[in-house]
Amino acid sequence: MKKLMLILPVILMTQFAWATAVSDRFVNVWTLTPDQHTPVVRAALTADVMETLQLETADDLMVTDQNDEPVPFRRLSRHDLVETLIYRQELSAQAALIAAQAHDASPLELELEHDGTRLVVRSPRLDRDRQAQGELRFEALIGAPDEHAGLPRRELVIELGSLHPLDLDCRLRDADDESPASRRVVLTTLGDTRPRRYQARLPVEDLPRAWHLGCYGQQAPADLELVQASLEGWSERNHRQVLALNPELQAHLEPDTLAFELDAPWRALRIGLASTEPNLLSNIVVQSRGEAKGIWRERARLALSTLDNDTAALVPLSNADHLRHRHWRLLTNPGLRQAPTVTIEAQLEELVFFAQGSGPWRLYAGSLEPVAEIASEQLVTETVSRLGPAWNWPRIDPTHGREAAGIGALEPPPAEIPWQRYLLWLVLFIGAGIIAVIAVKLLREGD
């Protein structure tokens with residue numbers, strides 16, 4: 001009983017330290033109130049939330065229910081909020097097999113319609129007796145569609161079909177180009193189908209009136225046909241929001257160097273510079289670092305010019321997904337007589353939390369200790385498969401911001417009392433005392 005009374009205070013103190021209130025660990029807290037009942041909610045990390053964060057990694061965040069019990073949450077990556085749009089258009093085409101003895105076969109003709117005008121495209125004149133790749137055995141004309149805006153990535157997709165294996169060297173070129181085709185078309189088998197399907201995908205930049213496909217070899221299957229030709233394009237719709245930050249430049253200790261600081265661990269995406277200094281042309285190296293005495297890392301290079309009236313474009317910053325540096329500097333060559341205007345485009349980040357427990361929920365921010373994101377990336381991926389893309393999930397802004405522990409949360413924690421060590425010494429002293437008492441009794445009995 002006496003031993004239990006000695007150990008009980010130590011257990012209670014340990015439990016008290018473990019159960020430290022969440023509100024004592026963070027500077028500020030905001031309310032998260034969804035407009036509708038939903039299992040997952042996106043919450044924007046607004047400017048006031050970001051400015052409260054203390055860690056360079058921006059990991060001093062926590063989401064709890066109204067009882068301050070943690071709920072699963074995770075910051076969304078930039079890929080979670082980017083929607084890929086796919087465009088596909090079937091193309092008009094004309095194809096023909098060329099027999100071994102048909103060296104004088106007529107060229108193919110393809111009738112196209114561009115902007116309301118009907119055009120006839122003929123296959124290029126070819127030396128049908130012999131090409132470097134062999135005799136021409138199969139050719140096709142494929143009409144290109146009108147230009148489609150907003151499709152930075154495009155592919156021409158060609159599919160051939162035959163019951164027999166295909167052993168031909170296929171080349172592609174602009175149908176209006178009479179020079180020998182040099183762009184090779186690599187055909188790969190699609191699955192294990194009958195008839196066999198062969199597909200080629202070729203990146204496309206400029207769109208001609210039509211493409212000419214020529215396949216050369218010793219022999220082509222008699223049933224070889226052009227199954228289909230299509231143009232596929234991809235574009236991205238960004239559901240992320242960005243903020244324009246305009247930090248003030250200050251003179252740096254080093255010559256021809258200007259410096260500025262960001263007020264939060266922003267994920268900086270782009271930088272732009274503007275100046276009213278006439279006839280200016282200066283090469284700028286942009287550098288940043290997370291700590292005041294850290295190593296400078298190059299983030300971008302750009303030319304600052306006022307020689308023309310062109311509007312300066314925002315230049316992408318390197319490692320935008322990994323660096324959240326606060327300290328920045330500009331190395332200018334030649335130096336500037338007056339400081340330019342700086343624009344930093346930063347991502348307005350979001351987190352997603354699972355509405356467990358009872359609401360309203362709370363968002364805590366600002367601490368000296370990082371908090372592990374409870375929701376795993378796999379959990380977010382599985383949620384997407386069940387509920388659809390993340391950009392369709394309900395989104396809210398934190399409201400009713402107030403102090404939690406205030407700046408007291410940023411004070412270094414007091415030195416931990418080594419209760420286990422003290423308890424061990426206490427047990428040793430008690431054990432030594434018991435042994436001493438037993439030894440005295442044994443000595444008295446021996447007398």
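1. Phe-260 is buried, because its relative accessibility is 3%, under the 20% cut-off. Like every value in this note, that figure comes from a predicted model. Trp-328 is buried too, with a relative accessible area of 1%.

2. Phe-260 and Trp-328 form an aromatic pair. The ring centres lie 5.8 Å apart, and the planes are at 10°. The pair counts as stacked because planes under 30 degrees apart fall in that class. Phe-260 belongs to strand S19 (residues 257–261) and Trp-328 to strand S24 (residues 327–333), so the pair ties together parts 68 residues apart in sequence.

3. The count of aromatic pairs is three. Another of them is Phe-26 with Tyr-364, with ring centres 5.7 Å apart. Their planes stand at 40°, so this pair is tilted. It links distant parts of the chain, 338 residues apart. Phe-26 sits in the loop between helix H1 (2–18) and strand S1 (28–32). Tyr-364 is in strand S27 (residues 361–365).

4. Are Phe-26 and Tyr-364 buried or exposed? Phe-26 counts as buried, at 0% relative accessibility. Tyr-364 is also buried, at 2%.

5. Ser-23 shares a loop with Phe-26: the one between H1 and S1. Its burial class is another matter. Ser-23 counts as partly exposed, at 24% relative accessibility. Neighbours within four places in sequence set aside, Ser-23 contacts Tyr-364, Ala-404 and Ala-405. Tyr-364 thus appears twice around this loop, as ring partner of Phe-26 and as a contact of Ser-23. The C-alpha atoms of Ser-23 and Asp-68 are separated by 8.2 Å, with their positions 45 residues apart along the chain.

6. Asp-68 leads back to strand S27. Its side chain meets that of Arg-362 in a salt bridge, 3.0 Å from N to O. Asp-68 lies in the loop between strand S3 (61–64) and strand S4 (73–75), and Arg-362 in S27, so the bridge ties together parts 294 residues apart in sequence. Arg-362 is partly exposed, with a relative accessible area of 23%. Strand S27 therefore holds both Tyr-364 and Arg-362.

7. How many salt bridges does the structure hold? The total is 22. Five residues are linked in a network of them: Arg-88, Glu-90, Glu-155, Arg-201 and Glu-232.

8. Arg-337 forms a salt bridge with Glu-277, with the closest N and O atoms 3.3 Å apart. Arg-337 lies in the loop between S24 and S25, and Glu-277 in the loop between S20 and strand S21 (281–289), so the bridge ties together parts 60 residues apart in sequence. The two partners fall into opposite classes. Arg-337 is exposed, with a relative accessible area of 70%. Glu-277 is buried, at 5% relative accessibility.

9. Arg-171 and Asp-169 form a further salt bridge, with a closest N to O distance of 3.0 Å. Here both partners are below the 20% cut-off, so both count as buried. Arg-171 has 16% relative accessibility, and Asp-169 has 17%.

10. A search of the whole structure finds one disulfide. Which cysteines does it join? The link runs from Cys-170 to Cys-215, with 2.1 Å from S to S. The link is right-handed, with 105° about the S-S bond. Cys-170 lies in strand S11 (residues 169–174) and Cys-215 in strand S15 (residues 210–217), so the disulfide ties together parts 45 residues apart in sequence. Both cysteines are buried.

11. Now the sheet. Four strands form an open sheet, in the order S17-S25-S20-S23, with antiparallel pairing. Strand S17 (241–245) and strand S23 (315–316) are the edges, each pairing on one side only. Strand S20 (residues 268–274) and strand S25 (residues 341–348) run antiparallel and are joined by six bridges. Gly-272 stands opposite Thr-343 in S25.

Technical notes: Residues numbered from 1 in each chain as written. Predicted model: local features only at pLDDT ≥ 70, side-chain atom pairs only at ≥ 80, totals over all residues. Heavy atoms only, no water. Phe/Tyr/Trp six-rings, centres within 6.5 Å; stacked < 30°, edge-to-face > 60°. Helix = DSSP H or I, 4+ residues; strand = E, 2+ residues; numbered from the N terminus. Buried < 20%, exposed > 50% of the residue type's maximum accessible area, 1.4 Å probe, protein only. Pairing = 2+ DSSP bridges. Contact = heavy atoms within 4.5 Å. Disulfide = S-S within 2.5 Å. Salt bridge = Lys/Arg side-chain N within 4 Å of Asp/Glu carboxyl O.
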